[in-house]
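Student: I am new to this structure and would like a close look at a single part of it. Please start with a helix and then go on to what surrounds it.

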Amino acid sequence: MGIVKISDQLHEEVRKNSVVMERSINSQAEFWMKIGRLAEQNPTLTYEQILEQEKRQQNVSTVRLVHE
């Protein structure tokens with residue numbers, strides 16, 4: 001594990017989104033980094049296509065919100 005320095009503004013955005021997505025701040029930042037890396041590696045794919053690709057690789061067929 002390493003330390004990554006980010007701006008206070010980006011940290012605040014990560015914090016806000018982590019609450020909405022029910023993830024830790026670190027998990028939210030890691031998710032954004034992973035999706036960003038995949039987007040750079042696959043520039044023709046949409047965000048939705050990237051998520052579908054990741055779900056297939058993890059054998060996830062459906063995603064349900066916790067509060068449903």
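How far apart are the end C-alpha atoms of H1, and what span should its 14 residues have at 1.5 Å a residue?

Tutor: The model is a predicted one. In it, the end C-alpha atoms of H1 are 20 Å apart. At 1.5 Å a residue, the 14 residues of this helix should span 20 Å, so the expected span and the distance in the model agree. The helix covers residues 8–21.

Next comes the end of the helix. Just after H1, Glu22 takes a positive phi of about 55 degrees. Glu22 is a residue other than glycine, and its phi is positive all the same. Its place is the loop between H1 and H2. As for accessibility, Glu22 has a relative value of 49% and therefore counts as partly exposed; the exposed class takes values over 50%.

A positive phi also occurs further along the chain. Asn59, again a residue other than glycine, has a phi near 60 degrees. This residue lies in the segment after helix H3, which runs over 47–57. Asn59 counts as exposed because its relative accessibility is 74%.

Back at H1, there is also the segment before it, where Ile3 is found. Ile3 has a relative accessibility of 83%, so it counts as exposed. From Ile3 to Val20 there are 17 residues in sequence, and their C-alpha atoms are 24 Å apart in space.

A similar pair of values can be given for Thr44, which sits in the loop between H2 and H3. Its C-alpha atom is separated by 26 Å from that of Ser27, and these two residues are 17 apart along the chain. Thr44 is exposed because its relative accessible area is 72%.

H1 also takes part in a pocket. Both H1 and H2, the latter covering 25–41, supply at least two residues each to the lining of the second largest pocket. The space in this pocket is about 430 Å³. Its lining has 14 residues, and those closest to the pocket centre are Val4, Asn26, Ala29, Glu30 and Met33. H2 gives the largest share of the lining, with 6 residues. By type, the lining residues are 10 nonpolar, 3 polar and 1 charged.

Last, the aromatic rings. A pair of such rings is described by the distance of the centres and the angle of the planes. For this model there is no pair to describe, as a search of the whole structure finds 0 aromatic pairs. The ring of Phe31 does have a charged residue over its face: Arg23 lies there, at 4.1 Å from the ring centre.

To return to the request, H1 has end C-alpha atoms 20 Å apart, as its 14 residues should give. The helix is followed by Glu22 with its positive phi, and H1 shares in lining the second largest pocket together with H2.

Key
Residues are numbered from 1 along each chain as its sequence is written. This is a predicted model: local features need pLDDT of at least 70, side-chain atom pairs count only at pLDDT 80 or more; totals for chains, interfaces and linings use all residues. Side-chain values use heavy atoms; hydrogens and water are left out. On a 1 Å grid over the protein atoms alone, a cavity is a set of points where a 1.4 Å probe fits but cannot get out, and a pocket is an open set with protein on both sides within 12 Å along at least five of seven lines; lining residues have an atom within 4 Å of a point. Grid points are joined across faces, edges and corners, and a volume is the space filled by probe spheres set on the points. Helices (H or I, at least four residues) and strands (E, at least two) are DSSP runs, numbered from the N terminus. Ala, Val, Leu, Ile, Met, Phe, Trp, Tyr, Cys and Pro count as nonpolar, Asp, Glu, Lys and Arg as charged, and the others, Gly among them, as polar. Rings of Phe, Tyr and Trp (its six-membered ring) pair if their centres lie within 6.5 Å; planes under 30 degrees apart count as stacked, over 60 as edge-to-face and the rest as tilted. A charge sits over a ring if NZ of Lys or CZ of Arg is within 6 Å of the ring centre and within 35 degrees of the ring normal. Buried means under 20% relative accessible area, exposed over 50%, partly exposed in between (1.4 Å probe, protein chains only). The expected span of a helix is 1.5 Å times one less than its number of residues.
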